[in-house]
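Work through these exercises with the model open beside you. Try each task before reading its solution.

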Amino acid sequence: MPEDPVHIALFEEDRIDHAAEALDRLRALGIRDKDMSVLSGVPYSDKILGRPMAWTRVPIIALAGAGVGFAASLALILIANRQYPLVVGGFPYVAIPTIIPVTFELTMLGLLISTFLGVFVEMISPTYGPKAYHPKISDGYIGIVFTCPPKLDQPMHAALTELGAELVHQSEVQP
Amino acid sequence: MAAEVKPYQRVYKQSEAEEEDPRQHLMLDPRPREEMNHMVMEAMTTTSRRYWIIVGALAVAVAVLLFGAWGNMIFTGMGMAGIRRPVFWGVFIVTFVFWIGISHAGTFVSAILRVFKAEFRRPFTRAAELMTTFGLAAGALYPLIHLGRVWVFYWMIPYPNSRWLWPNFRSALVWDFLAITTYLLSSTIYLYLPLIPDVAMARDRSTGWRHTLYKLLALGFRGTEAEWTRIRKAINIFAFAIIPVMFSVHTIVSWDFASTKVVGWQSTIFGPYFIIGAILSGVSAVITILFVLRYTLKNMDYFIREEHFDALGLLVLIFSMAWAYFFYNEYLLHWYGGGTVLKQLLTLHASGPSAWVWYLMLACNVAVPWLTLWNKKLRRTPWAIFIVSILINVGMYAERYTIIPLTLGHQRFPFDWGEYTPRLTEISIALGTLCLFVLLYLLASRLIPLIPVWEVQEGQESHRLRKVGKTQVPSVSELE
């Protein structure tokens with residue numbers, strides 16, 4: 001069965017209210033939230049557009065990275081200091097005050113690098129939902145990307161043009 | 001006797017005349033996003049013949065002054081530098097501390113002001129973050145230069161080896177290596193994350209090699225809700241996490257000194273004293289850079305305005321006062337409680353042959369900002385605050401010079417006292433890193449959008465004028 005065509009409805013940057021209204025009208029036509037996606041040149045909260053909350057694994061990946069950094073620092077200090085014992089000024093091989101800077105730096109390094117890796121992996125991973133793009137998005141336009149069965153073309157068109165949307169049909173433009 | 005009543009109407013008119021035009025604030029003077037994009041792209045892609053001449057001259061300067069002098073020193077030996085008994089830490093370490101200090105600008109402006117939602121930060125966060133990355137890149141060369149036998153630098157890296165060598169993790173010098181590496185990596189990523197939406201904008205407006213580069217850097221960014229969520233989340237994690245890293249970096253740099261037995265260095269307040277000094281020099285350097293950007297890049301006068309110099313000038317004044325507080329605290333308690341050697345050291349700083357450095361430090365870090373920056377008109381005069389910012393960094397360099405070679409030259413044994421004179425090689429390398437910093441900045445200014453356009457637009461969308469009583473006041477709403 002062929003997939004429904006992808007459309008983009010573009011709204012000028014000062015017409016955020018119209019974009020939110022357009023989302024409601026598309027829902028009223030029977031288009032589900034998972035078949036819609038909002039593109040924008042600036043971030044808007046989910047509440048502004050009345051969209052389901054977008055979530056990300058980045059914080060969890062960051063915490064895991066912090067844990068790895070902490071473990072690596074302990075391994076460097078505790079295990080390696082026994083393998084390569086180095087006596088300086090009569091200090092013990094391992095002393096808590098001198099461990100703290102090393103564990104702190106490596107924990108933060110793990111946290112920050114894994115945060116970036118989390119963003120990187122999520123950005124390049126395949127995504128579900130309609131995929132399309134229009135360069136006007138980075139000019140501040142708000143775009144609603146959605147799939148729409150051909151039978152709903154006419155009411156969808158009427159609803160969106162009434163709200164001042166500029167429609168790009170069957171868009172396959174990718175960045 | 002009848003009391004004289006001042007007519008209310010007159011007072012009202014006077015205050016009305018004094019009311020400032022709200023459009024002088026960037027956040028209240030919005031332009032269409034398309035126009036702002038065009039302005040930033042034009043600033044980035046327009047290069048003149050003069051630009052390439054300056055880039056070429058700087059590249060030659062870096063090759064000769066930095067790498068030429070350094071190569072010659074490696075070939076000839078460390079004797080070419082002026083560091084010898086009793087002063088083994090000279091201009092190399094002074095300049096190292098200076099650059100690490102400058103690098104605090106980006107984190108302070110971008111992370112701390114972001115956390116506290118200081119709206120004036122928006123147009124120049126990237127300019128400050130670039131300073132952090134390039135300042136660290138310049139500073140990170142100095143441990144290698146100072147090492148002398150640079151070809152064995154990898155002995156600092158912990159890995160099992162046949163030499164049975166392992167870094168001493170109880171040493172502040174190893175902590176320094178770890179802290180600078182952490183800070184360099186994290187500040188580079190922190191520069192990159194908010195850049196993604198802007199390189200996506202540049203990708204949509206460029207062709208050829210630029211398009212290929214921006215397409216690669218944009219990671220397929222389209223501006224979906226999920227993409228914004230993860231970028232915002234990551235920026236927030238960074239903004240909170242990079243602040244303690246920034247504090248740790250300069251604290252550990254101060255421990256390089258404070259954990260030794262050198263008279264004048266052993267101090268429990270060296271950590272915060274160094275951090276305040278670093279932020280003072282970093283914020284001053286941001287003013288310097290903003291002035292240069294405003295007058296050399298196209299369309300920058302729209303984004304970088306007098307209000308930004310005003311706000312940064314106030315910050316510099318506050319940090320100058322904080323720096324004076326720490327300096328006085330340190331000086332007074334050493335003077336009261338220190339031993340004979342310490343008192344002699346302080347006397348030599350203030351009246352010895354190099355006393356001019358000490359007075360230059362106080363004049364530039366205290367007298368100049370205190371006498372000038374209280375004045376709003378002066379803070380809003382770009383060329384005037386530019387000169388003040390340069391003088392403060394001269395003062396901060398003098399501070400590091402006083403702390404390092406001037407202190408090392410007068411220790412416990414008078415027979416071992418000595419004067420340190422920087423040699424041509426050291427001066428050449430120090431100037432070379434300055435040229436490297438400017439060169440990297442010039443190249444970056446034509447490669448990446450220096451203004452975070454999406455952050456500016458976000459700020460402009462969240463600012464509105466609201467009528468309260470007889471006047472209109474700016475109000476900010478949360479759109480996140």
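**Exercise 1. Place B:Q460 in its helix, then decide whether B:Q460 is buried or exposed.**

Solution. This is a predicted model.
- Step 1: find the element. B:Q460 sits in helix 19 of chain B, residues 453-462.
- Step 2: count neighbours. B:Q460 has 20 other C-beta atoms within 10 Å.
- Step 3: apply the cut-off. A residue is buried if 20 or more other C-beta atoms lie within 10 Å of its own. B:Q460 is therefore buried.
- Step 4: list contacts. Setting aside neighbours within four places in sequence, B:Q460 contacts B:M27 and B:P30.
- Step 5: look along the chain. B:R122 is 338 residues away from B:Q460 in sequence, yet their C-alpha atoms are separated by 9.9 Å.

**Exercise 2. Explain why helix 19 of chain B counts as largely enclosed.**

Solution.
- Step 1: count. In helix 19 of chain B, 7 of the 10 residues are buried, so the helix is largely enclosed by the rest of the structure.
- Step 2: name them. The buried residues are B:V453, B:W454, B:E455, B:V456, B:Q457, B:G459 and B:Q460.
- Step 3: find their partners. These buried residues pack against helix 2 (33-45), helix 6 (125-147), helix 8 (196-204), helix 12 (300-303) and strand 1 (463-468) of chain B.

**Exercise 3. Classify B:I54 by its C-beta neighbours.**

Solution.
- Step 1: locate B:I54. Its element is helix 3 of chain B, residues 49-76.
- Step 2: classify. B:I54 has 15 C-beta neighbours inside 10 Å, so B:I54 counts as partly exposed.
- Step 3: check a distant partner. B:L442 lies 388 residues from B:I54 in sequence, but 9.1 Å away in space, C-alpha to C-alpha.

**Exercise 4. Describe how helix 5 and helix 10 of chain B cross.**

Solution. Two packed helices are described by the angle between their axes and the distance between the axes.
- Step 1: geometry. The axes of helix 5 (residues 104-115) and helix 10 (residues 225-258) of chain B come within 9 Å and cross at roughly 145°.
- Step 2: handedness. This crossing of helix 5 and helix 10 of chain B is left-handed.
- Step 3: residues. Helix 5 of chain B brings B:H104, B:T107, B:A111, B:I112, B:R114 and B:V115. Helix 10 of chain B meets them with B:A239, B:F240, B:I242, B:I243, B:M246 and B:H250.
- Step 4: classes. The contact of these two helices holds 8 nonpolar, 3 polar and 1 charged residues.

**Exercise 5. Which residues touch the most other members of the largest nonpolar core?**

Solution.
- Step 1: name the hubs. In this core of 146 residues, they are B:A105, B:A127, B:M131, B:V249, B:L280, B:V283 and B:V286.
- Step 2: find the main contributor. Helix 11 (residues 270-296) of chain B gives the most, with 15 residues.
- Step 3: take one hub. Beyond four places in sequence, B:A105 touches residues including B:M131, B:V283 and B:V286.
- Step 4: look elsewhere. A second, separate core of 26 residues includes A:V6, A:I8, A:C148 and A:M156.

**Exercise 6. Break down the side of chain A that touches chain B.**

Solution.
- Step 1: count both sides. Chain A supplies 52 residues to the contact, and chain B supplies 51 residues.
- Step 2: rank the elements. Helix 4 of chain A gives the most to chain A's side, with 18 residues.
- Step 3: sort by class. The side of chain A has 37 nonpolar, 9 polar and 6 charged residues.

Technical notes
Residues are numbered from 1 along each chain as its sequence is written. Chains are lettered from A and ligands numbered from 1 in the order in which they are written. This is a predicted model: local features need pLDDT of at least 70, side-chain atom pairs count only at pLDDT 80 or more; totals for chains, interfaces and linings use all residues. Two residues are in contact if their C-beta atoms, placed from the backbone, lie within 7 Å. Helices (H or I, at least four residues) and strands (E, at least two) are DSSP runs, numbered from the N terminus. Ala, Val, Leu, Ile, Met, Phe, Trp, Tyr, Cys and Pro count as nonpolar, Asp, Glu, Lys and Arg as charged, and the others, Gly among them, as polar. A nonpolar core is a set of buried Ala, Val, Leu, Ile, Met, Phe, Trp, Tyr and Cys residues joined through C-beta atoms within 7 Å. A residue is buried if 20 or more other C-beta atoms lie within 10 Å of its own, exposed if 12 or fewer, and partly exposed in between; C-beta atoms are placed from the backbone. Axes are lines fitted to C-alpha atoms, for helices over the stretch in contact, and angles run from 0 to 180 degrees between N-to-C directions. A crossing is left-handed if the near helix is turned anticlockwise from the far one by less than a right angle, and right-handed if clockwise.
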